[in-house]
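Student: Can we go through some charged pairs together? I'd like to see how each label gets decided.

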Amino acid sequence: WTHDALPELVRGINVEYQRATSVGERSVFNSLFMPCSFTVGVGEVLAFSGDNGVGKSTLLRAIARYPRVERGLRVSGDLILSEDAAARAFFDCDLRHYLFADSVTAEIQESRQEVLARRQVLLRRFGLSTLGATSPRSLSVGERQRLVLSLLLAEQPRLLILDEPTRALDRGSKNILIDLLLQLTHTAECGVILATHDQELIGALGATECQLELATARNRWRH
């Protein structure tokens with residue numbers, strides 16, 4: 001790939017879940033949502049919306065963790081994520097996957113000085129710089145979310161994958177996140193894929209929207 005564009009990421013992806021047809025019978029796989037094809041380039045934002053349970057988070061995890069697949073799921077289609085997995089950053093709304101240190105200061109420690117400096121700047125922007133001695137477990141949900149976003153954004157990934165990134169943010173923090181994402185995309189530093197119910201966020205980012213539907217229906221696209 002070149003700096004001007006990421007390679008095509010996913011084409012015709014289909015995520016299936018495993019279920020038993022009846023007691024004692026062999027389990028079968030059923031499609032979770034309609035297969036969808038898309039590309040994401042540097043500076044582009046793609047937003048998946050749709051009802052709860054349609055598979056938005058599952059789709060994002062499949063992209064973020066490829067080629068690893070969760071137990072009970074099967075991913076098919078042409079996944080051509082040739083980009084190094086280290087260049088992908090995934091924000092999962094389950095924050096337990098990220099915070100393990102005893103304090104905010106310890107959480108942001110990093111041997112790469114440029115990354116540490118970016119984390120410190122982001123902590124200030126998100127209003128967390130005075131909480132260095134505080135345990136992440138003592139933070140509010142919104143504060144923990146801002147801390148995790150600071151850690152991920154400081155890595156300057158080529159592909160940023162966000163699952164419900166504004167769910168626990170107040171208005172001020174949401175506006176800061178929107179500004180940061182616009183800065184990243186307008187300077188052509190990364191592509192963004194997100195799942196959200198937040199139509200205001202989709203509009204503010206100028207995202208292409210794909211409304212996922214269950215496999216019995218049809219996905220709807222809005223540009």
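Tutor: Sure, let's start with a definition: buried means under 20% relative accessible area, exposed means over 50%, and partly exposed is in between (1.4 Å probe, protein chains only). Keep in mind that this is a predicted model, where local features need pLDDT of at least 70, side-chain atom pairs count only at pLDDT 80 or more, and totals for chains, interfaces and linings use all residues. Residues are numbered from 1 along each chain as its sequence is written, and side-chain values use heavy atoms, with hydrogens and water left out.

Student: Why does E200 count as partly exposed?

Tutor: E200 has 41% relative accessibility. Partly exposed sits between 20% and 50%, so E200 gets that label.

Student: And what makes K174 buried?

Tutor: Its relative accessible area is 9%. Buried means under 20%, so K174 is buried.

Student: Why is the contact of K174 and E200 called a salt bridge?

Tutor: A salt bridge needs a side-chain nitrogen of Lys or Arg within 4 Å of a carboxyl oxygen of Asp or Glu. For K174 and E200 the N to O distance is 2.7 Å, so the pair fits the definition. K174 is in helix 5 and E200 in helix 6, 26 residues apart.

Student: How do you know that E155 and R112 form a salt bridge?

Tutor: Their side chains meet at 3.0 Å, N to O, and the limit is 4 Å, so they qualify. E155 and R112 both lie in loops, so the pair ties together parts 43 residues apart in sequence.

Methods: Helix = DSSP H or I, 4+ residues; strand = E, 2+ residues; numbered from the N terminus.
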